[in-house]
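Work through the exercises below with the model open. Try each task before reading its solution.

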Amino acid sequence: MRVRGRRQCTDCGHEWSYFETGEVACPDCGSLRSVGTGERQRHTDNPVELDLTPHRNELDSVSDLGDVADDLKATLREYIRKRGFVSGGDLRTVDDTILAAAELLHAVDVFDRTRKPTDTMHLYVLELLRGADSDERPAPDAVPESMTDARGLAYAEIIEDFCSDLGTWLDDHPDPAAERVHETLKTHVKRVNAVYGDVPLSESEALVRAARDIAANLVENDEAALATAEDRLSRLE
């Protein structure tokens, strides 16, 4: 989607950045009457923060994770829905917050559907809940076997979104070498989705790192990063 990055209120004349606020209402007078100004840019990443504090506080009160599951999943879905990887024409990388949010969404779902969830599952969901909105995600060796598929599927879904935005971004910034690695990454992601995330944790991590390598190549002009991404993916074949 291409949008104009600045807006001007037709009532009071105030100007603001839509890319920074995501709001069409005037921050000065509250009017909804505004017009876009400036050049249109690709934009998929809306300014949204993940705050899980209310859910942590609620869990302290009810003590049963199942009692907060529905509201928690709704918050996580809304956050993921608003996130993207192109902001004002600039490509963004895959950050830990969106990965942890997606993993927590799937982990809570697994926990909620399990007839007799183990203490290990419970503690792992709590760990995700504690750190997801602080840009923290557990290391691969901290993921219990019962949650491996949840991480695999969560990461695949986020990287699929990244690949979609990356493909659109590459339409505006052609780069044959990056496009080739991008297609390879997409192929691996499709395979993970096809098996519902049932892949080794090392593979899930490799896909994340490959996506970040591609972004580093294109955003930071890191030529070695693209070769690294290609090597990571080749080791999965």
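The exercises cover cysteines, salt bridges, helices and the core of this predicted model.

**Exercise 1. Cysteine pair**

Task: Decide why C9 and C29 are not joined by a disulfide.

Solution:
- Step 1. Take the distance. The sulfur of C9 lies 3.7 Å from that of C29, its closest cysteine sulfur.
- Step 2. Apply the cut-off. A disulfide needs the two sulfur atoms within 2.5 Å. The C9 and C29 sulfurs are therefore too far apart for a bond.
- Step 3. Check the surroundings. C9 is buried, at 2% relative accessible area. C29 is partly exposed, at 44%.
- Step 4. Widen the search. The structure holds 0 disulfides.

**Exercise 2. Salt bridges across the sequence**

Task: For the salt bridges of R33, R42 and R83, find the partner and place both residues.

Solution:
- Step 1. Start with the total. The whole structure has 21 salt bridges.
- Step 2. Take R33. Its partner is D11, with the closest N and O atoms 3.2 Å apart. R33 sits in the loop between helix 1 and strand 3, and D11 in the loop between strand 1 and strand 2, so the pair ties together parts 22 residues apart in sequence. R33 is exposed at 54% relative accessibility. D11 is partly exposed at 46%.
- Step 3. Take R42. Its side chain meets that of D172 in a salt bridge, 2.7 Å from N to O. R42 belongs to strand 3 and D172 to helix 6, so this pair links parts 130 residues apart in sequence. D172 is partly exposed, with a relative accessible area of 29%.
- Step 4. Take R83. It pairs with D45, and the closest N and O atoms are 2.9 Å apart. R83 lies in the loop between helix 3 and strand 4, and D45 in the loop between strand 3 and helix 2, so parts 38 residues apart in sequence are tied together. Both R83 and D45 are buried.
- Step 5. Look for shared partners. Salt bridges of this kind join D96, R137, E205, R209 and R212 into one network.

**Exercise 3. A histidine beside D45**

Task: Locate H43, then state whether it is buried or exposed.

Solution:
- Step 1. Locate it. H43 lies in the loop between strand 3 (34–42) and helix 2 (53–62).
- Step 2. Read the accessibility. The relative accessible area of H43 is 1%. Buried means under 20%, so H43 is buried.
- Step 3. Follow the side chain. It reaches the backbone oxygen of D45 at 3.2 Å. D45 is also the salt-bridge partner of R83.

**Exercise 4. Two helices**

Task: Compare the span of helix 4 with its expected value, and do likewise for helix 5.

Solution:
- Step 1. Take helix 4. It has 18 residues and reaches 26 Å from first to last C-alpha, close to the 26 Å expected.
- Step 2. Inspect its start. D95 caps the N-terminal end of helix 4, with a side-chain oxygen 3.1 Å from the backbone nitrogen of T97.
- Step 3. Judge its burial. Of the 18 residues in helix 4, 15 are buried, so the helix is largely enclosed by the rest of the structure.
- Step 4. Take helix 5. It has 13 residues and reaches 19 Å, close to the 18 Å expected.
- Step 5. List its buried residues. They include M121, Y124, V125, L128, L129 and G131.
- Step 6. Find the cover. Helix 2, helix 3, helix 4 and helix 6 are among the elements over these buried residues.

**Exercise 5. The core and a buried aspartate**

Task: Which residues have the most contacts inside the largest nonpolar core, and what does D213 touch?

Solution:
- Step 1. Take the core. It has 61 residues, and L104, M147 and L185 have the most contacts inside it.
- Step 2. Name the contributors. Helix 3, helix 4, helix 5, helix 6, helix 7, helix 8 and helix 9 each supply at least two core residues.
- Step 3. Zoom in on M147. Beyond neighbours within four places in sequence, M147 contacts A107, V110, F111, M121, Y124 and V125. Of these, M121, Y124 and V125 are buried residues of helix 5.
- Step 4. Turn to D213. It is found in helix 8. D213 counts as buried, at 13% relative accessibility.
- Step 5. List its contacts. Leaving out residues up to four places away in sequence, D213 touches A225, L226, T228, A229 and R232.

Conventions
Residues numbered from 1 in each chain as written. Predicted model: local features only at pLDDT ≥ 70, side-chain atom pairs only at ≥ 80, totals over all residues. Heavy atoms only, no water. Helix = DSSP H or I, 4+ residues; strand = E, 2+ residues; numbered from the N terminus. Buried < 20%, exposed > 50% of the residue type's maximum accessible area, 1.4 Å probe, protein only. Polar contact = N/O pair within 3.5 Å; in protein donor to acceptor, adjacent residues only side chain to side chain. Core = buried A, V, L, I, M, F, W, Y, C linked by side-chain atoms within 4.5 Å. Contact = heavy atoms within 4.5 Å. Expected span 1.5 Å × (residues − 1). Salt bridge = Lys/Arg side-chain N within 4 Å of Asp/Glu carboxyl O.
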